[in-house]
Amino acid sequence: MDEILVLRPEYSPVTRETRLSRVLDYALAGRSHRVISRLEDFQEICESQAGEIRRLLFCIHLGSSGINIELFRWLKAMR
């Protein structure tokens with residue numbers, strides 16, 4: 001089975017999203033995966049493994065404002 005690349009833009013270094021973490025732990029249990037939370041790491045993987053990435057899972061935590069500023073950086077970079 002192919003490795004799942006879990007893209008999880010960091011919401012806040014102080015806040016750990018416990019609900020999202022629990023859901024991911026359950027969903028990914030027993031599956032080969034790698035969690036990427038920094039845009040720079042994702043860009044490096046895209047450059048080095050461009051044709052090899054087959055499975056992506058986007059996991060976005062939205063705070064009470066409904067906004068994740070880091071997600072906008074990711075989207076801008078992916079354009």
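A salt bridge, as the term is used on this tour, is a side-chain nitrogen of Lys or Arg within 4 Å of a carboxyl oxygen of Asp or Glu. The model on screen is a predicted one, and the tour moves from the whole chain to single residues.

**The whole chain**

Begin with the protein chain in a cartoon view, where the secondary structure comes to three helices and three strands, and where the order along the sequence is β-α-β-α-β-α. The C-alpha atoms fill a box of roughly 35 × 30 × 15 Å, taken along the principal axes. Of the 79 residues in the chain, 29% are buried, and among the contacts with a separation of 6 or more, 80% are made by residues 24 or more positions apart.

If you now switch on the surface, its accessible area comes to about 5,800 Å², with 52% of that belonging to carbon and sulfur atoms. Colouring by charge brings up 12 positive and 11 negative charges, whose mean positions are 7 Å apart.

**The nonpolar patch**

Next, select Leu56, Phe58, Ile67, Ile69, Phe72, Leu75 and Met78, which together make a nonpolar surface patch of about 680 Å². Two elements, β3 (55–58) and α3 (69–78), each supply at least two residues of this patch, and the largest share, four residues, comes from α3. One patch member to centre on is Phe72, which has its place in helix α3; because its relative accessibility is 52%, and exposed means over 50%, Phe72 counts as exposed.

**The salt bridges of helix α3**

Stay on helix α3 and select Glu70 and Arg73, whose side chains meet in a salt bridge with an N to O distance of 2.6 Å. Both residues lie in α3, three residues apart, which is about one turn of the helix. Is Glu70 buried or exposed? Glu70 counts as buried, because its relative accessibility is 18% and the cut-off for buried is under 20%.

Now add Glu40 to the selection, since the side chains of Arg73 and Glu40 also meet in a salt bridge, at 3.1 Å from N to O. This pair links distant parts of the chain, with Arg73 in helix α3 and Glu40 in helix α2 (residues 39–48), 33 residues apart. Arg73 is partly exposed at 36% relative accessibility, and Glu40 is likewise partly exposed, with a relative accessible area of 37%. Taken together, Glu40, Glu70 and Arg73 are linked in a network of salt bridges.

**A salt bridge at strand β2**

The structure holds five salt bridges, and another of them appears when you select Glu3 and Arg34, whose side chains meet at 3.4 Å, N to O. Glu3 lies in the segment before β1 and Arg34 in strand β2 (residues 33–36), so the pair ties together parts that are 31 residues apart in sequence. Glu3 is partly exposed at 36% relative accessibility, while Arg34 is partly exposed with a relative accessible area of 30%.

**A loop residue to finish**

For the last stop, select Tyr11, which lies in the loop between β1 (4–7) and α1 (18–28). Tyr11 is partly exposed, with a relative accessible area of 28%. If you draw a distance from the C-alpha atom of Tyr11 to that of Lys76, the viewer should give 16 Å, for two residues that are 65 residues apart along the chain.

Terms used. Residues numbered from 1 in each chain as written. Predicted model: local features only at pLDDT ≥ 70, side-chain atom pairs only at ≥ 80, totals over all residues. Heavy atoms only, no water. Buried < 20%, exposed > 50% of the residue type's maximum accessible area, 1.4 Å probe, protein only. Contact = heavy atoms within 4.5 Å. Areas by Shrake-Rupley, 256 points an atom, 1.4 Å probe, with all protein chains shown as cover. Lys, Arg positive; Asp, Glu negative; His and termini not counted. Charge placed at Lys NZ, Arg CZ, Asp CG, Glu CD. Patch = residues over 30% accessible without salt bridge, like charges linked within 9 Å, V, L, I, M, F, W, Y side chains within 5 Å.
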